Amino acid sequence: MSKQRIAFIGAGVMGASIIKHLLNNGHEVTVYTRTKDKAEPLIALGASWASTPAEAFQQNDIAFTMVGYPSDVEAVYFGENGLFQTAQSGNIVVDMTTSEPSLAKKIFEHAQKLGVEALDAPVSGGDIGAQNGTLSIMIGGNQATYNKLLPIMQHFGQNIVYQGEAGAGQHSKMCNQIAIASGMIGVCESLAYGLKAGLDLSTVLQSISSGAAGSWSLSNLAPRMIKGDFAPGFYIKHFVKDMKIALDESEKMGISLPGLALAYEMYDKLVEEGYADNGTQALFKYYQ
């Protein structure tokens, strides 16, 4: 697509990096986030500011949303000052929040009534992927809309895959989060074992990160665990939200996921102990 006028709702850890990629590639971006201070560095780079999602979308063609919880998504789209208040026929909305598949379908169906195209497009790759423009993006909605927006998403994504009809992107993200949840337990237990055995954990990682045990979490988050760096690339509170969605969906489908249930229980305990705003690698605290 040629240079576009884009509204971007949410300027958190990942959203801010995505907005920078859009600005660096010549797109006009209007930003709304609940805390304007978070948007100030983006405004300094050339973004415009809007006081509501509706205002942000008023003069733009495409809206990307990346907020915290399904309730936030609901408000951003359907609320009194939501995107659908000013959406016009021919506009496109893309929700990149990890949210409920049923809500993705609701957005898609309401958008259709307005002549608006909609995609659910949750991402994986954390703060590093957002900064480097290498996010994995899972797309649900009409394939024609996916094809139309692919050139824009390539500014911040590397592995961008069309998954199917509305909601399929969110279901795919649940698969991603389920794999990470149990995998994080394995990474933490591996390091806890190595520490107790008196090994140099950085040296251990040199051996196991490139072998059969290798994973994104082992390569990117285990070094942070060793350093005691628990700053969020992805918040525990949001991961707990994602796991709860996956557990609810699995219950609807009649399947049991004991690994996911265990990870949810462990992370939920960390939330109770005050670590909700730490990164997911803080699961290592559970073993300390």
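## A tour from strand β3 to the cavity

Begin by selecting Ser48, which touches Val29, Thr30 and Val31 once residues up to four places away in sequence are set aside. The model on screen is a predicted one, and the tour moves from this strand residue through two helices and the nonpolar cores to an internal cavity. Ser48 belongs to strand β3, residues 48-49, and its relative accessible area of 39% makes it partly exposed. If you draw a distance from the C-alpha of Ser48 to that of Glu28, you should read 8.1 Å, although the two residues are 20 apart in sequence.

**Gln4, before the first strand**

Keep Glu28 displayed and add Gln4, which is found in the segment before β1 and counts Glu28 among the residues it touches, together with His27, Asp61, Ile62 and Ile152, leaving out residues up to four places away in sequence. Is Gln4 buried or exposed? With a relative accessible area of 13%, Gln4 is buried. One of its contacts, Asp61, makes a useful second distance, for the C-alpha atoms of Gln4 and Asp61 are 7.1 Å apart in space while the residues are 57 apart in sequence.

**Helix α1**

Next select residues 13-24, the 12 residues of helix α1, whose first and last C-alpha atoms are 18 Å apart, close to the 16 Å expected at 1.5 Å a residue. Colouring by accessibility shows a helix that is mostly covered, with nine of its 12 residues buried; these are Met14, Gly15, Ala16, Ser17, Ile18, Ile19, His21, Leu22 and Leu23. Beyond the end of the helix, Gly26 follows α1 with a positive phi near 90°.

Within this helix, centre the view on Ile18, which at 0% relative accessibility counts as buried. Showing its surroundings brings up Phe8, Met66, Met96, Leu135 and Phe156, the residues that Ile18 touches when those up to four places away in sequence are not counted. For one of these contacts, Met66, the C-alpha separation from Ile18 is 10.0 Å, across 48 residues of sequence.

**The nonpolar cores**

Widen the selection to the largest nonpolar core, which has 33 residues and in which Phe64, Met96, Ile137, Met153 and Phe156 touch the most other members. Two or more residues of this core come from each of β1 (5-9), α1, β2 (28-32), α2 (36-44), β4 (62-65), β5, β8 (135-141) and α7 (143-153). Which element gives the most to this core? The answer is α1, with six residues.

To look at one of the well-connected members, select Met153, which touches Phe64, Ile137, Ile139, Tyr146 and Ile160, again without residues up to four places away in sequence. A second core, separate from this one, has 29 residues, among them Leu221, Ala246, Tyr267 and Ala282.

**Helix α12 and Lys241**

Ala246 leads on to α12, since it is one of the buried residues of that helix, along with Ile236, His238, Phe239, Val240, Lys241, Asp242, Met243, Ile245, Leu247, Glu249 and Ser250. The 18 residues of α12 should span 26 Å at 1.5 Å a residue, and the distance between its end C-alpha atoms, 26 Å, agrees with this. Displaying the helices around it shows what covers the buried residues, including α4 (70-78), α5, α8 (168-196) and α13 (258-272). Just after α12 comes Gly254, with a positive phi of about 75°.

Now pick out Lys241, which lies in this helix of residues 236-253 and is a charged residue that is nevertheless buried, with a relative accessible area of 10%. Apart from neighbours within four places in sequence, Lys241 is in contact with Gly68, Tyr69, Pro70, Thr97 and Thr98.

**The cavity**

The last stop is the one cavity of 30 Å³ or more that the structure holds, and the space in it is about 60 Å³. Select its lining as Val93, Asp95, Ala104, Ile107, Phe108, Ala118, Leu119, Asp120, Gly140 and Ala166. Each of β5 (92-95), α5 (101-114) and β6 (117-120) gives two or more residues to this lining. Colouring by residue type divides the lining into seven nonpolar residues, one polar residue and two charged residues. With the lining still selected, bring back the elements of the earlier stops: β5 also gives two or more residues to the largest nonpolar core, and α5 is among the elements covering the buried residues of α12.

Definitions and conventions
Residues numbered from 1 in each chain as written. Predicted model: local features only at pLDDT ≥ 70, side-chain atom pairs only at ≥ 80, totals over all residues. Heavy atoms only, no water. 1 Å grid on protein atoms, 1.4 Å probe; cavity = no way out; pocket = protein on both sides within 12 Å on 5 of 7 lines; lining within 4 Å. Points joined across faces, edges and corners; volume = space filled by probe spheres on them. Helix = DSSP H or I, 4+ residues; strand = E, 2+ residues; numbered from the N terminus. Expected span 1.5 Å × (residues − 1). Buried < 20%, exposed > 50% of the residue type's maximum accessible area, 1.4 Å probe, protein only. Core = buried A, V, L, I, M, F, W, Y, C linked by side-chain atoms within 4.5 Å. Contact = heavy atoms within 4.5 Å.
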